[in-house]
Amino acid sequence: RPRLRMPSRLGDVVELCPEAGYQQVIYDGNAGGFASEGLLTGRLEVRTLLRRRYAGGATHLLEPRIGWAAIQRTRDLDDTPLFVPRTRLPQQRIRSLTLDNVTLDSADRISSFNGITFGFGNQIFGTPHDDGAARLLADFTLLGEYDFAHSRWGEIVLDGSAQPLRSLATRFSAGLDPNDAEVDETYVGLAWRHEEGHAIEAGYRYLREVPRVFGRFKPEKMDGELPWQPASA
């Protein structure tokens, strides 16, 4: 899986990171014989960093970014063995936030992809202490995605955390499908943290499409009710 990445800067303002790679997987089994498949991958990430200081001493770092990733198969995958399957629930939010998860997917069956992500990251720091260090109060990213391969908009992604107090922190994430105007996933967690490392967290998660991880169950009636529904209707 060789890759060539060449980070560079335009002046002292814009960061560029182009990457090209190739992935070759070769199989040889006693029953299935020989098979192979190759993938061409490409990426380009562009970002800049803006800073604003407020009168109270707080600092806001804004990072506009745009990223492109593409995967091109070199042959049909119908005859390729399947040792590493795809995930049961594609994590679109994680793929959008880190395009490495697109071009470095470890599954044996990878679909072609051509899309961009665009948005901005945010970091908010509090008033610096006497030693010059400032505590991170919030860190969150808002991104959108467009899939050229299927001519459709992807998820609008929000992911981040905040720590307004030293002992109180929150984590949150959300994925909105703009095509159906529906929320695909949400997580909100609130945690109490002690200086010695102890922590207690309570959270809530919502998934619009729950993964079917139990396979098939035969319907069995119990007291006139149907406790289990078939996994595939």
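Helices, in the sense used here, are DSSP runs of H or I with at least four residues, and strands are runs of E with at least two, both numbered from the N terminus. By that assignment, the protein chain of this predicted model contains 2 helices and 13 strands.

The chain as a whole may be described through burial, contacts and surface. Of its 233 residues, 26% are buried, where buried denotes a relative accessible area under 20%. Among the contacts in the protein chain with a separation of 6 or more, 48% join residues that lie 24 or more positions apart. The accessible surface amounts to about 15,600 Å², and carbon and sulfur atoms contribute 56% of that area.

Attention may now turn to the interior. When the whole structure is searched for cavities of 30 Å³ or more, 1 is found. The largest cavity holds about 30 Å³ of space. Its lining consists of R1, P2, R3, G21, Y22, Q23, L39, T41, T103 and L104. Two or more of these residues are given by each of the elements β3 (14–29) and β4 (33–48). Strand β3 supplies the largest share, with 3 residues.

What is the composition of the lining of the largest cavity by class? The lining has 4 nonpolar, 4 polar and 2 charged residues. In this classification Tyr and Pro count as nonpolar, whereas Gly is placed among the polar residues and Arg among the charged ones. The lining residues Y22 and P2 are therefore counted as nonpolar, G21 as polar, and R1 and R3 as charged.

Methods. Residues numbered from 1 in each chain as written. Predicted model: local features only at pLDDT ≥ 70, side-chain atom pairs only at ≥ 80, totals over all residues. Heavy atoms only, no water. 1 Å grid on protein atoms, 1.4 Å probe; cavity = no way out; pocket = protein on both sides within 12 Å on 5 of 7 lines; lining within 4 Å. Points joined across faces, edges and corners; volume = space filled by probe spheres on them. Buried < 20%, exposed > 50% of the residue type's maximum accessible area, 1.4 Å probe, protein only. Contact = heavy atoms within 4.5 Å. Areas by Shrake-Rupley, 256 points an atom, 1.4 Å probe, with all protein chains shown as cover.
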